[in-house]
Amino acid sequence: MIIYPAIDLKDGACVRLLRGEMSQATVFNTDPGDQARLFQSQGFEWLHLVDLNGAFEGKPVNGAAVESILKAVTIPVQLGGGIRDLKTIGMWLEKGVSRVILGTVALRDPELVKSACREFPGKVAVGIDAREGYVAVAGWAETSDIKALDLALKFEDCGVAAIIYTDINRDGAMGGVNVESTSDLAFHLTTPVIASGGVSSMDDLVALKAEEDTGIEGVICGRALYDGRIDPKEALALLSAPAIEDAD
């Protein structure tokens with residue numbers, strides 16, 4: 001299972017939000033490239049980037065910060081936030097992003113996701129952010145009447161690299177990850193699922209690891225890494241171990 005340290009970008013700085021509220025932002029580092037280098041030096045094999053301003057505005061906003069990260073590290077990077085068309089997808093992949101995450105557009109224009117998967121095989125993930133089980137979009141400002149599983153099922157056969165599933169009510173709140181809804185989603189899909197939102201301790205990682213066989217391939221971790229609640233070395237050792245087998 002892969003652990004993805006999260007670098008959320010707001011106004012050029014690395015921040016963490018509380019339940020997706022832009023007004024509830026804590027700045028952890030004003031130098032995104034420096035933060036990315038630190039995560040790479042700690043042994044992480046991927047980075048998860050979100051252009052928060054871009055998610056609200058529907059277009060890339062923190063481009064300079066993303067490019068500073070791409071220059072700073074050699075490990076692969078996945079990026080979401082404000083990516084709403086094929087041109088923007090192609091632009092980021094050309095600049096060195098390994099995988100783009102489509103969120104709002106996945107709800108509003110599923111055919112674009114399928115086109116992107118055909119044009120950029122293996123390079124497209126879908127971000128499904130849910131509030132009480134229903135998909136939220138546009139930087140979580142709008143909640144739809146579509147259930148997370150129903151949306152995920154639309155992309156089962158088109159080559160999506162992963163579904164990144166976030167429980168918004170848990171995000172940044174340090175209340176623990178929603179293991180039950182994440183494993184339930186993964187169980188019903190053949191597409192790998194990456195868990196996100198609320199990871200606050202090693203106990204959360206242990207609980208997710210125990211459900212690895214449902215199809216949970218990775219976990220995104222933000223605030224708990226920044227404030228030291230999760231030790232990188234310990235987390236990497238746990239998640240890179242063989243899947244936990246059920247005792248007979």
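Let's start with an odd one: glutamate 156 is buried yet takes part in no salt bridge, and lysine 114, the nearest side chain of opposite charge, is 11 Å away. Keep in mind that this is a predicted model.

**What surrounds glutamate 156**

You'll find glutamate 156 in the loop that runs between helix H7 (148-153) and strand S10 (163-167). What does the side chain of glutamate 156 reach at 2.7 Å? It's the backbone nitrogen of threonine 190. Next door in the sequence, threonine 191 joins in too: its side chain and that of glutamate 156 share a polar contact of 2.8 Å. Leaving aside residues up to four places away in sequence, glutamate 156 touches His188, Leu189, Thr190 and Thr191.

**Charges that do pair up**

Opposite charges on side chains can pair when the charged atoms come close. The count of salt bridges here comes to seven. Three of them are set out below.

| Acidic residue | Basic residue | N to O distance |
|---|---|---|
| aspartate 8 | arginine 16 | 2.5 Å |
| glutamate 111 | lysine 114 | 3.6 Å |
| glutamate 212 | lysine 209 | 2.9 Å |

Take the pair of aspartate 8 and arginine 16: both residues are buried. Glutamate 212 and lysine 209 are also worth a look. Glutamate 212 has 18% relative accessibility, so it counts as buried. Lysine 209, at 1% relative accessibility, counts as buried as well.

Then there's lysine 114 again, the residue that sits 11 Å from glutamate 156. Its salt bridge is with glutamate 111. How far apart are glutamate 111 and lysine 114 in helix H6 (residues 110-119)? They're three residues apart, so about one helical turn separates them. In an α-helix there are 3.6 residues a turn, so residues three or four places apart point the same way. Both partners fall in the middle category for exposure: glutamate 111 is partly exposed with a relative accessible area of 47%, and lysine 114 is partly exposed at 22% relative accessibility.

**The nonpolar core**

Now for the greasy part. The largest nonpolar core has 69 residues, and Ile7 and Leu47 are the ones with the most contacts inside it. Helix H3 (residues 63-72) supplies the largest share of this core, five residues. Another core lies apart from it, with nine residues, including Tyr4, Ala6, Ile101 and Ile220.

Isoleucine 7 has quite a list of neighbours. Not counting residues up to four places away in sequence, it touches Cys14, Pro32, Gln35, Ala36, Phe39, Leu47, His48, Leu49, Val50, Ile69 and Tyr226.

One name on that list is glutamine 35, which belongs to helix H1 (residues 32-41). Is glutamine 35 buried or exposed? It has a relative accessible area of 6%, so it is buried. With residues up to four places away in sequence left out, glutamine 35 touches Ile7, Cys14, Asn29 and Tyr226.

**Two helices with a buried face**

Helix H8 (179-187) has Val179, Thr182, Ser183, Leu185 and Ala186 among its buried residues. These cover an arc of only 155 degrees around the axis, which puts them on the same side of H8. Glu180 and Phe187 are exposed on the other side. What do the buried residues of H8 pack against? Their partners are H7, S10, S11, H9 and S12.

H9 (residues 202-210) tells a similar kind of story. Its buried residues are Met202, Asp204, Leu205, Leu208 and Lys209. Looking down the axis of H9, they fall within an arc of 155 degrees, so they line one face of the helix. That buried set packs against strand S1 (2-10), helix H8, strand S11 (193-196), strand S12 (216-221) and helix H11 (232-240).

**Two loop residues with positive phi**

Finally, a pair of backbone details. Aspartate 11 has a phi near 55 degrees, which is positive even though the residue isn't a glycine. You'll spot aspartate 11 in the loop between S1 and strand S2 (13-18), where it is exposed with a relative accessible area of 59%.

Glutamate 132 isn't a glycine either, yet its phi is positive at about 55 degrees. This residue lies in the loop between strand S7 (124-131) and strand S8 (134-137). At 63% relative accessibility, glutamate 132 counts as exposed.

Terms used
Residues numbered from 1 in each chain as written. Predicted model: local features only at pLDDT ≥ 70, side-chain atom pairs only at ≥ 80, totals over all residues. Heavy atoms only, no water. Core = buried A, V, L, I, M, F, W, Y, C linked by side-chain atoms within 4.5 Å. Buried < 20%, exposed > 50% of the residue type's maximum accessible area, 1.4 Å probe, protein only. Helix = DSSP H or I, 4+ residues; strand = E, 2+ residues; numbered from the N terminus. Contact = heavy atoms within 4.5 Å. Lys, Arg positive; Asp, Glu negative; His and termini not counted. Salt bridge = Lys/Arg side-chain N within 4 Å of Asp/Glu carboxyl O. Polar contact = N/O pair within 3.5 Å; in protein donor to acceptor, adjacent residues only side chain to side chain. Arc of directions from axis to C-beta.
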